[in-house]
Amino acid sequence: MTYDVIVVGAGPAGSTAAYDCTKQGLKTLLLEKYKLPREKPCGGAVMYRALRTIGEKIPPELIERRIYGLRFLLPDGKGTEFISDKLIGITVFRDRFDEFLARRASDAGAELIDNTPVVDASVSSKSAKVRLADGRELSAKFLLGADGVNSVVSRALGLRPKRKELNKVGLGMEADFHVGEEGVLEATEGNPSILEVCPVDGRVSYGWVFPKREHLAIGIAGAGVHMRALRPRFDSFYKSVEKRLGVKLNLEKRRTFFLGGDGLGSKNVVQRAILIGDAAGFVDPLMGEGIAYAMKSGEFAASVINKAFDENRYDEKTLSEYQNLCRNEFSANFALATRVGVRGPSLAEIILPKVNGHKLAAEIMTMVARGEIGYKDIPYVVLKRLPRQIPTIIKHVVQSHLATPN
Ligand SMILES: Cc1cc2nc3c(=O)[nH]c(=O)nc-3n(C[C@H](O)[C@H](O)[C@H](O)COP(=O)(O)OP(=O)(O)OC[C@H]3O[C@@H](n4cnc5c(N)ncnc54)[C@H](O)[C@@H]3O)c2cc1C
């Protein structure tokens, strides 16, 4: 059987791309290694701009919590909050959210086959091929590698051979703690609509506490080289959260994970094939946020493939339009995140207290999370709004000076 497009991996990237390809009239096969719904280590925070990519309502039963704010806890124990009156995201369980995206693609007409690992992939001027674990070989005109951070497709095509080098990837551990609805309300002081990000062991990594309906998603992540004693670090982090929030946390299952994030510096396209999402390394290098980038890159890949079909061109040069689209959309965000990441929490420690509770900062955070602006637009928005904001800023600075003990 020959397809127009074979998509390997039914995560947010692959399912978004499969949906868009199908909607464009392409005969699309979506292959998933595990039986759906499959587990995925993740904090489960889906920012609003990712929801915009779907362009339709998420079934309410998938929404664990509606998110209206971010809180950064600094090493001195103080917190900086950005609260919005607009929805900036939701929390979900990834097994159910990802299955929804995969079924949405198959409902649109894509052929979805789960429980079917791809073990090899190849491209030639005539076709793209994948080999399944049971030995079958399938071919298509295009191949999309959406098989996550340890992508088989990327390795088979020679695009990312050294994926697991610890100095190049992030590493982390996370768990969902069942505390009941009451426990979530207690831990969040009655406001379970804020994502909390906190330092771990000083400067090398960060942790998170995300509210779900009856669970707290708690995890730590950082550069792989700094995360070798992962298990004791994670245990000491969640125990510190337990103490701080005053809620008993019963550990059921720790999950370890890699995080990629070198997408814009790498080649993600060869003739007849494109890497998307984590397989391409499109993860915010600072916070590890990747769902929105995965979905957007899936959308870009589908649009480039559609155009290539129209023009009957399958070469690398035609498909490299995809890299330009991703670069334009993601580079400012990734560059800023890398700069902050390199300077480490020290930069955050300087900036965050100064903008705590500031209306303009909260507005900007809201616009970025909702996908109304990218990081690169922030200076422009600040300059545009500044004249109106100057009296408030002066008041804010004076007040925070008066409040700071000498
Ligand atoms: C612990 C952790 C916490 C995170 N928290 C957040 C968060 O809160 N918010 C956020 O936005 N991002 C978060 N991220 C990042 C986010 O999870 C990823 O960026 C996102 O899942 C990328 O989507 P994807 O579709 O590219 O890959 P994935 O979601 O990894 O999907 C890849 C799919 O391919 C399948 N697959 C793999 N190999 C094969 C194969 N050989 N054959 C067939 N199928 C295969 C996998 O089973 C999987 O279903 C987190 C990441 C981690 C690790």
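Colleague: In what order do the strands of the open seven-stranded sheet run, and how are they paired?

Modeller: Strands of a sheet pair through backbone hydrogen bonds, and they do so either parallel or antiparallel. In this predicted model, the seven strands form an open sheet in the order β6-β5-β13-β14-β15-β12-β16, and the pairing is mixed. The edges are taken by β6 (79–83) and β16 (255–259), each of which has a single partner strand, so one side of each is left without a neighbour in the sheet. From one strand to the next, the twist averages 20°.

Colleague: Over how many bridges do β5 and β6 pair, and in which sense?

Modeller: Strand β5, residues 69–73, pairs with β6 in the antiparallel sense over five bridges. To follow the register on screen, one can start from Leu 70, which stands opposite Phe 82 in β6.

Colleague: Which strands does helix α6 lie across?

Modeller: Helix α6 (residues 230–245) lies across β5, β12 (170–178), β13 (194–200), β14 (205–211), β15 (215–223) and β16, and its direction makes an angle of about 135° with β15.

Colleague: What is the order of the three-stranded sheet, and which pairing does it show?

Modeller: This is an open sheet as well, with the order β3-β7-β4 and antiparallel pairing. Its edge strands are β3 (45–47) and β4 (65–67), each pairing on one side only, and the twist averages 25° from one strand to the next. Within this sheet, β3 and strand β7 (residues 89–91) are paired in the antiparallel sense over three bridges, and Met 47 stands opposite Gly 89 in β7.

Colleague: Turning to helix packing, are α1 and α7 roughly parallel or roughly antiparallel to each other?

Modeller: The reading starts from the angle between the helix directions, where values under 35 degrees count as roughly parallel. Helix α1 (residues 12–23) packs on helix α7 (residues 291–311) at an angle of about 30°, and their axes are 7 Å apart; the two helices are therefore roughly parallel to each other. The crossing of α1 past α7 is right-handed.

Colleague: Which residues of α1 and α7 meet?

Modeller: From α1 come Pro 12, Ala 13, Thr 16, Ala 17, Asp 20 and Cys 21, which meet Ile 291, Ala 294, Met 295, Gly 298, Glu 299 and Ala 302 of α7. By residue class, the contact of α1 with α7 comprises eight nonpolar, two polar and two charged residues.

Colleague: Which two residues does the cis peptide bond join, and where does Pro 37 lie?

Modeller: Here the backbone torsion omega is the value to inspect. The cis peptide bond joins Leu 36 and Pro 37, with omega at about -5°, and Pro 37 is found in the loop between β2 (28–31) and β3.

Colleague: What is phi of Glu 189, and is this residue buried or exposed?

Modeller: For Glu 189, phi is near 50°, a positive value in a residue other than glycine. Glu 189 is placed in the loop between α5 (180–187) and β13. Exposed means over 50% relative accessible area, and Glu 189, at 76% relative accessibility, therefore counts as exposed.

Colleague: Where is Asn 312 placed, and what is its phi?

Modeller: Asn 312 is in the loop between α7 and α8 (316–319), and its phi is near 55°, again a positive value in a residue other than glycine. At 53% relative accessibility, Asn 312 counts as exposed.

Methods. Residues are numbered from 1 along each chain as its sequence is written. This is a predicted model: local features need pLDDT of at least 70, side-chain atom pairs count only at pLDDT 80 or more; totals for chains, interfaces and linings use all residues. Side-chain values use heavy atoms; hydrogens and water are left out. Axes are lines fitted to C-alpha atoms, for helices over the stretch in contact, and angles run from 0 to 180 degrees between N-to-C directions. Helices (H or I, at least four residues) and strands (E, at least two) are DSSP runs, numbered from the N terminus. Angles under 35 degrees count as roughly parallel, over 145 as roughly antiparallel, 65 to 115 as roughly perpendicular and the rest as oblique. A crossing is left-handed if the near helix is turned anticlockwise from the far one by less than a right angle, and right-handed if clockwise. Contact means heavy atoms within 4.5 Å. Ala, Val, Leu, Ile, Met, Phe, Trp, Tyr, Cys and Pro count as nonpolar, Asp, Glu, Lys and Arg as charged, and the others, Gly among them, as polar. Two strands pair if DSSP finds at least two bridges between them. Buried means under 20% relative accessible area, exposed over 50%, partly exposed in between (1.4 Å probe, protein chains only).
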